[in-house]
Every structure is written in C-alpha cells, then in structure tokens.
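Subject: Structure handover

Hi,

Here is the structure for you to look at. Please open it before reading my notes.

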Amino acid sequence: MPRPRSLTQGQLAAAALAVIDREGLPGLSMRAVAVELGISTMALYRYVQDRGELEALVVELVLSAVDSTPPPPDIGTWRARVELLVDRLRGTVGAHPDVLPLTFTHRHRSPSVLRWGETVLGVLSEAGLGPEERIVALRALLAYVIGAIQQEHLGALSGAGTTAIAGLPAEEYPYLTEAARGARSLTPDREFRGGLALLLAGLGR
C-alpha cells in the first residue's frame with residue numbers, strides 16, 4: 001500500500017478556496033475539499049477537525065495577501081494613508097467576494113487581519129484620534145469595505161435593481177428615480193472612493 005501523501009495547510013486552504021470560488025460558500029464541505037485534493041473525506045479529517053477549521057485556513061490564505069506595511073508619511077495626509085490601506089484590503093478581498101462572510105467569524109484569529117488593523121490604528125493614533133475614536137473608526141472602515149464589496153458583487157448599480165428604481169413613478173419617488181438615473185454612469189470604483197472620502201471626512205481632525 002502506498003503511504004498517504006502529506007498535505008500542508010496552504011494546500012488545504014487553496015483547495016477550499018478553489019471550491020468557494022467555483023461553487024460559492026454553500027458549496028464548501030469536507031467532501032468537496034477532499035474531492036478537490038484527490039483524497040477521501042476520512043483522510044481529510046487527519047488534517048482538520050471540521051469545516052470551521054477549513055474556513056479559518058481560507059480566511060488566512062486570502063488575507064495574507066493584504067499588504068499591511070505602514071504607508072510612508074510622504075504620500076500625503078493621514079487620510080491618504082488610511083485610504084491606501086483600505087484600497088489594499090478591498091483589492092485583495094474583492095478578488096474572492098464569497099469569502100467575505102467568513103471574515104466576520106474568523107477575523108479575531110487571523111494574524112493578517114490583526115496586522116492590518118494594527119497598522120490602521122497606528123495611523124489613526126498619529127492623526128490624533130483617541131482610543132475610543134480609533135476603535136470606532138476602525139470598525140467603521142471595516143464595515144464600509146465589507147459592505148461595499150458585497151454591494152458591488154450582489155447589488156451593483158449597473159444591475160436590474162437600478163433599472164427597476166429608475167422606472168418608478170417620479171411623482172411618487174422623485175429622489176429615488178433621480179438617483180437611479182444618475183447611478184447608471186457611476187462606476188464601482190467611483191462609488192467606493194466617493195463613499196470612503198465621505199467616511200474619512202467625517203472622522204475629521
């Protein structure tokens with residue numbers, strides 16, 4: 001009998017991510033990942049206890065690609081530095097939008113998330129925000145990034161929802177119909193940056 005091959009955590013995470021990217025988060029299961037790896041489901045249990053461990057591996061694989069290096073001060077204001085950090089997170093997580101729900105449940109155990117958060121808090125501290133303001137700001141930024149990515153992939157302004165709202169009776173919904181007509185020319189990037197600019201302005205110092 002050939003000896004069973006050893007698998008690294010990276011291989012397990014890559015296989016689970018491939019399943020999620022192809023079949024969506026509901027498609028993630030021990031059996032599906034085992035098939036992706038070419039092993040039996042029972043063999044997979046040698047490496048992880050359950051789907052929850054697979055989820056944690058996927059979150060860390062995706063978020064490990066986020067650059068959490070502190071932006072240099074010479075790029076501009078503290079807002080510009082925070083914007084760069086947020087852009088990095090958006091670009092990385094946005095490539096795998098189906099992983100987003102997992103970031104809520106596994107973010108506290110992900111070294112990559114912790115490093116990114118530490119860097120953002122450092123910039124906010126240098127900007128003069130107090131401890132309570134910093135944590136509120138950090139959570140607001142995370143909520144914005146996650147929500148914006150979900151909207152871009154699940155309810156983009158170019159989708160049917162915008163068309164439906166634009167077709168509503170203008171006399172009954174004047175502001176919604178006007179907004180929907182203008183939204184058709186708004187790109188996801190412009191929408192994201194516009195919302196982020198408003199959020200950062202509200203943090204004001």
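Below is what I found, from the whole chain down to single residues.

Please keep in mind that this is a predicted model.

**Overall fold**

The chain holds 11 helices and zero strands. Its pattern along the sequence is therefore helix after helix, α-α-α-α-α-α-α-α-α-α-α. The C-alpha atoms fill a box of roughly 75 × 50 × 25 Å along the principal axes.

Of the 205 residues, 37% count as buried. The exposed surface of the chain comes to about 11,500 Å². Carbon and sulfur atoms supply 58% of that surface.

I also looked at contacts between residues at least 6 apart in sequence. Of these, 65% join residues at least 24 apart.

**Annotated spans**

UniProt has two features to note here, each from an unreviewed entry. The record puts "domain: HTH tetR-type" at residues 6–66. That span is 66% helix and 0% strand. Its end C-alpha atoms lie 28 Å apart.

The record also lists a "DNA-binding region" at residues 29–48. Residues 29–48 are 60% helix and 0% strand, and 12 Å separates their end C-alpha atoms.

**Glu-55**

Glu-55 belongs to helix H4, which covers residues 51–63. Is Glu-55 buried or exposed? Glu-55 counts as buried because its relative accessible area is 13%, and the cut-off is under 20%. Which residues does Glu-55 touch, leaving aside neighbours within four places in sequence? They are Leu-28, Leu-102 and His-106.

**The aromatic pair**

The count of aromatic pairs comes to one. The partners are Tyr-144 and Phe-192. Their ring centres are 5.2 Å apart, and the planes make an angle of 35 degrees. That angle is neither under 30 nor over 60 degrees, so the pair counts as tilted.

The two residues come from distant parts of the chain. Tyr-144 sits in helix H8 (residues 131–154), and Phe-192 sits in helix H11 (residues 188–203). They are 48 residues apart.

Phe-192 has a further partner. The charged end of Arg-90 sits over the ring of Phe-192, 4.2 Å from the ring centre. Phe-192 is itself buried, because its relative accessible area of 3% falls under the 20% cut-off.

For a quick look, I would start with two places. One is Glu-55 with its contacts Leu-28, Leu-102 and His-106. The other is Phe-192, with Tyr-144 as its aromatic partner and the charged end of Arg-90 over its ring.

Best wishes

Conventions
Residues are numbered from 1 along each chain as its sequence is written. This is a predicted model: local features need pLDDT of at least 70, side-chain atom pairs count only at pLDDT 80 or more; totals for chains, interfaces and linings use all residues. Side-chain values use heavy atoms; hydrogens and water are left out. UniProt positions are given in the numbering used here, feature names are shortened, and annotations may be inferred rather than shown by experiment. Helices (H or I, at least four residues) and strands (E, at least two) are DSSP runs, numbered from the N terminus. Rings of Phe, Tyr and Trp (its six-membered ring) pair if their centres lie within 6.5 Å; planes under 30 degrees apart count as stacked, over 60 as edge-to-face and the rest as tilted. Buried means under 20% relative accessible area, exposed over 50%, partly exposed in between (1.4 Å probe, protein chains only). A charge sits over a ring if NZ of Lys or CZ of Arg is within 6 Å of the ring centre and within 35 degrees of the ring normal. Contact means heavy atoms within 4.5 Å. Accessible areas come from the Shrake-Rupley method with a 1.4 Å probe; for residues, only the protein chains shown count as cover.
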